[in-house]
Each structure stands twice: as structure tokens, then as C-alpha cells.
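Welcome! Here are a few exercises to work through with the model open beside you. Try each task yourself before you read its solution.

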Number of protein chains: 2
Amino acid sequence: MKLTEKKINTELKRHNYKLTNQRRAVVVSIVTCQSQFTPALIYEKLHREHPDIGLVTVYRTLGILMDLGLVCELHASGDCPAYTVGTSQHHHHLICNRCGRVVDFTGHRLAELEKRLAKESGFRIDSHVLEFTGLCLPCQKIKC
Amino acid sequence: MKLTEKKINTELKRHNYKLTNQRRAVVVSIVTCQSQFTPALIYEKLHREHPDIGLVTVYRTLGILMDLGLVCELHASGDCPAYTVGTSQHHHHLICNRCGRVVDFTGHRLAELEKRLAKESGFRIDSHVLEFTGLCLPCQKIKC
DNA sequence: GTCTAAATGAAAATAATTATCAATTACAAA
DNA sequence: TTTGTAATTGATAATTATTTTCATTTAGAC
Ligand SMILES: [Mn+2]
Ligand SMILES: [Mn+2]
Ligand SMILES: [Zn+2]
Ligand SMILES: [Zn+2]
């Protein structure tokens with residue numbers, strides 16, 4: 001389940017980051033994104049209600065949230081890197097190429113593949129990226 | 001198997017791209033890359049022997065090779081996007097975080113997962129990104 | 001309330017990529 | 001082989017994305 005504003009703020013506190021008005025606002029702007037986002041998009045959204053918050057602060061806050069693993073980076077979509085709100089468990093993403101919607105999924109079985117690859121290549125595998133792209137249901141219904 | 005200089009040049013011709021000296025040189029620079037590369041890296045390599053070829057030409061040639069599916073884009077490594085020479089069949093990548101080496105692999109079974117995800121989410125899935133990162137065998141042996 | 005390190009925003013700096021355009025060139029046709 | 005022409009090129013400028021610097025402000029511990 002997607003992380004909430006509350007959970008994110010708690011994590012920020014827990015890691016001794018000050019809970020400034022700016023950070024709160026950036027977090028709100030992020031968690032209310034139904035789909036993926038970029039720093040510029042968050043800034044734009046934010047700018048209406050908080051014209052005095054700078055783009056740098058968006059970058060900085062996003063950087064912290066990435067460090068804490070509270071947002072995920074997306075690679076397979078149009079503007080890479082894009083971001084999406086994180087969840088507590090390990091998961092991957094399904095991305096709509098039209099509206100940018102992001103759906104999380106879990107329960108893949110990459111472990112066996114990973115073991116086979118490690119054996120065959122000699123690699124010590126640490127991490128992976130797995131993303132699917134396509135069209136979400138609502139977007140399929142839109143005639144182009 | 002990785003595409004050769006010859007194969008790439010043939011494909012360029014086949015798609016009515018002129019085989020200029022600059023393009024030939026960029027292709028050579030790319031196929032002689034043992035690991036991943038960026039436009040800047042190719043330019044740097046190229047610049048020694050061909051000081052008169054500009055970085056723009058590298059970008060343009062790389063763009064064409066991407067369009068023709070002759071090079072692959074990498075997302076999971078340090079500098080994203082990076083690139084690597086393509087192969088003729090559908091495949092994925094294993095990337096060394098230290099030396100940048102790229103190993104291709106095939107034979108995964110994403111089809112079942114893809115079907116399950118499509119059913120559960122309603123998505124029409126078109127494409128995917130799958131990359132593993134870690135340390136290649138030689139790099140594991142280097143003490144840090 | 002005071003204090004202080006952390007955070008902020010303006011501005012400049014850096015980096016990556018793309019657009020413009022006049023000069024050059026590959027190569028098909030004569 | 002020469003010629004014509006559209007494609008290609010490189011210099012330069014323009015955009016865009018991101019990071020650094022630094023003086024000022026502020027959250028939150030005491
Ligand atoms: Mn995973
Ligand atoms: Mn694949
Ligand atoms: Zn959609
Ligand atoms: Zn390595």
C-alpha cells in the first residue's frame with residue numbers, strides 16, 4: 001500500500017530531518033499524485049498554493065525521500081527519471097504510457113532466474129529493475 | 001551475439017542512411033566498447049583519432065542506432081541513460097556496478113507474469129525493462 | 001525565550017541535450 | 001565520370017535539467 005503523508009513525515013522525523021513547512025508541502029504534493037511525477041511537476045503543483053517554495057527545495061526533499069527509500073524511481077516511462085510514492089515492501093511497477101498511472105505489483109519469482117544468472121555469469125547480483133509498460137484500462141477505452 | 005560493425009553498417013544502408021566517414025567512425029567506436037557507454041564517452045574515444053568529429057554527430061548517430069534497435073538503453077547503472085551494443089534477439093542485461101561490463105541474457109519467463117499482471121490490473125502490456133546489477137567475477141576479486 | 005545546526009531561496013554554475021543554419025558531401029542518375 | 005540534390009555535418013546558440021554557493025531564516029532541543 002502506498003505510503004501516506006503521515007508515514008513519510010514520521011520517517012523524516014525518525015531520521016532527524018526537520019519538519020519544515022516546505023517539506024510538509026512537498027510531501028503533500030507528492031502523496032496526492034495519482035500517477036508518476038517529476039521534480040518540475042511537483043514544483044508546478046506546489047507553486048499555486050506556495051509561491052515562495054523554490055524548485056531547489058523540491059529537488060532536495062525528493063533527494064532525501066529517495067535516500068530513505070520512500071519514493072521509487074521509474075525508468076521505463078517517457079520522461080526518465082520519473083518518480084512515484086513508495087510502499088513499505090519490495091515491489092515493481094506497471095506504468096501507463098498515456099496517463100502515467102503507476103500500479104505496484106509483488107509476487108514475481110525473480111529469485112530462481114537470479115540464481116541461474118549468477119551461476120552462469122559469475123556475477124554477484126545485488127539488485128534489479130523490473131518495470132512493465134502499456135496502457136491502463138481507462139486509457140485503452142479512449143479512442144485515438 | 002553482439003552486433004558487428006559490418007551488420008550495423010548494412011542496417012544503416014538498408015534504411016537509406018548515408019554511410020559517411022563520421023558514422024563509420026562512431027560505429028567503430030561503439031562496437032569496440034567492451035562495456036556500456038555514454039555519448040560523452042564515445043566522443044572522447046573518437047576525438048583522439050578523429051578530432052574533427054563533433055559531439056552532435058555522436059548524438060545523432062546514436063539516435064539513429066536507437067531508432068533502428070541496434071543499440072540498447074540501460075537504466076539500472078550509475079549514469080542513466082547509458083548504452084550498449086545490441087544483439088539481434090530480445091534479451092536483457094546484467095550490469096557490473098564497478099567496471100560497467102554488460103552481459104546479455106535471454107530465456108527468462110516473463111510471459112506468465114505478464115499475463116497475470118494484465119489480468120489483475122486490466123493493463124494492456126506492451127513492453128518491459130528488466131536489468132540486474134551487481135559485480136562481475138573479475139571485479140569481485142578486487143579488494144576494496 | 002535562546003541558541004545553533006539545519007534548511008531555505010536566489011543566483012550562479014555545471015551538465016546534458018537539442019535546435020539552427022550555412023557549408024559540405026554521399027551517392028543516384030545522367 | 002560528372003552533375004544535382006537531399007542528407008549530413010559542425011559551429012554556435014538555445015534549452016533543459018540539476019547542483020553549488022552563500023547569506024538569511026527557522027525548527028526544535030535545551
Ligand atoms: Mn523486485
Ligand atoms: Mn525482455
Ligand atoms: Zn493510463
Ligand atoms: Zn566488473
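## Exercise 1: The surface near strand C

Helix α4(A) supplies three residues to the surface near DNA strand C, the most that any element gives. Keep in mind that this is a predicted model.

**Task.** Find which elements give two or more residues to the surface near DNA strand C, and which residues come nearest to the strand.

**Solution.**

*Step 1.* Begin with the residues. There are 17 around DNA strand C, and those that come nearest are A:Thr20, A:Asp52, A:Thr57, A:Arg60 and B:Tyr59. Of the atoms of DNA strand C that come within 4 Å of the protein, sugar and phosphate make up 70%.

*Step 2.* Now look at single atom pairs. A:Arg60 has a polar side-chain atom 2.5 Å from a base nitrogen of DNA strand C. For B:Lys18, a polar side-chain atom also lies by a base nitrogen of this strand, at 3.1 Å. The side chain of A:Arg23 places an N or O atom 2.9 Å from a phosphate oxygen of DNA strand C.

*Step 3.* Move on to the elements. Two or more residues come from each of α2 (21-31) and α4 (55-67) of chain A, and from α4 (55-67) of chain B.

*Step 4.* Finally, sort the residues of this surface by class: six are nonpolar, five polar and six charged.

## Exercise 2: The surface near strand D

**Task.** Work out which element gives the most residues to the surface near DNA strand D, and which atoms of the strand B:Thr20, B:Gln22 and B:Asp52 approach.

**Solution.**

*Step 1.* List the residues. DNA strand D has 17 around it, with A:Leu19, A:Tyr59, B:Thr20, B:Thr57 and B:Arg60 coming nearest.

*Step 2.* Check the elements. At least two residues each come from α4 of chain A and from α2 (21-31) and α4 of chain B. The most come from α4(B), with three residues.

*Step 3.* Follow the three named residues to the strand. A polar side-chain atom of B:Thr20 is 2.6 Å from a phosphate oxygen of DNA strand D. B:Asp52 uses a backbone N or O atom, 2.9 Å from a phosphate oxygen. For B:Gln22, a side-chain N or O atom is 3.0 Å from a sugar or linking oxygen.

*Step 4.* Look at the strand's own atoms. Within 4 Å of the protein, 70% of the atoms of DNA strand D belong to sugar or phosphate, and the rest to bases.

*Step 5.* Count the classes: this surface has six nonpolar, five polar and six charged residues.

## Exercise 3: Where the two chains meet

**Task.** Describe the interface of chain B and chain A: how much area is buried, how many salt bridges the rule finds, and which element gives the largest share of chain B's side.

**Solution.**

*Step 1.* Take the extent. Contact involves 36 residues of chain B and 36 residues of chain A. Between them the chains bury about 2800 Å², with 69% of it on carbon and sulfur atoms.

*Step 2.* Turn to polar features. The rule finds zero salt bridges across this interface, while 14 residue pairs are in polar contact.

*Step 3.* Pick out the elements on chain B's side. Those that give two or more residues are β3 (92-96), β4 (102-105), α5 (110-121), β5 (124-135) and α6 (137-141). The largest share, 12 residues, comes from β5(B). By class, this side has 18 nonpolar, 12 polar and six charged residues.

*Step 4.* See how the strands pair. Strand β5 (residues 124-135) of chain A runs antiparallel to β5(B), joined by 11 bridges. To place them, find A:Arg124, which stands opposite B:Leu135.

Methods
Residues numbered from 1 in each chain as written. Chains lettered and ligands numbered in written order. Predicted model: local features only at pLDDT ≥ 70, side-chain atom pairs only at ≥ 80, totals over all residues. Heavy atoms only, no water. Contact = heavy atoms within 4.5 Å. Buried area = accessible area lost by both parts, 1.4 Å probe. Salt bridge = Lys/Arg side-chain N within 4 Å of Asp/Glu carboxyl O. Polar contact = N/O pair within 3.5 Å; in protein donor to acceptor, adjacent residues only side chain to side chain. Helix = DSSP H or I, 4+ residues; strand = E, 2+ residues; numbered from the N terminus. Nonpolar A, V, L, I, M, F, W, Y, C, P; charged D, E, K, R; others polar. Pairing = 2+ DSSP bridges. Near = heavy atom within 4 Å.
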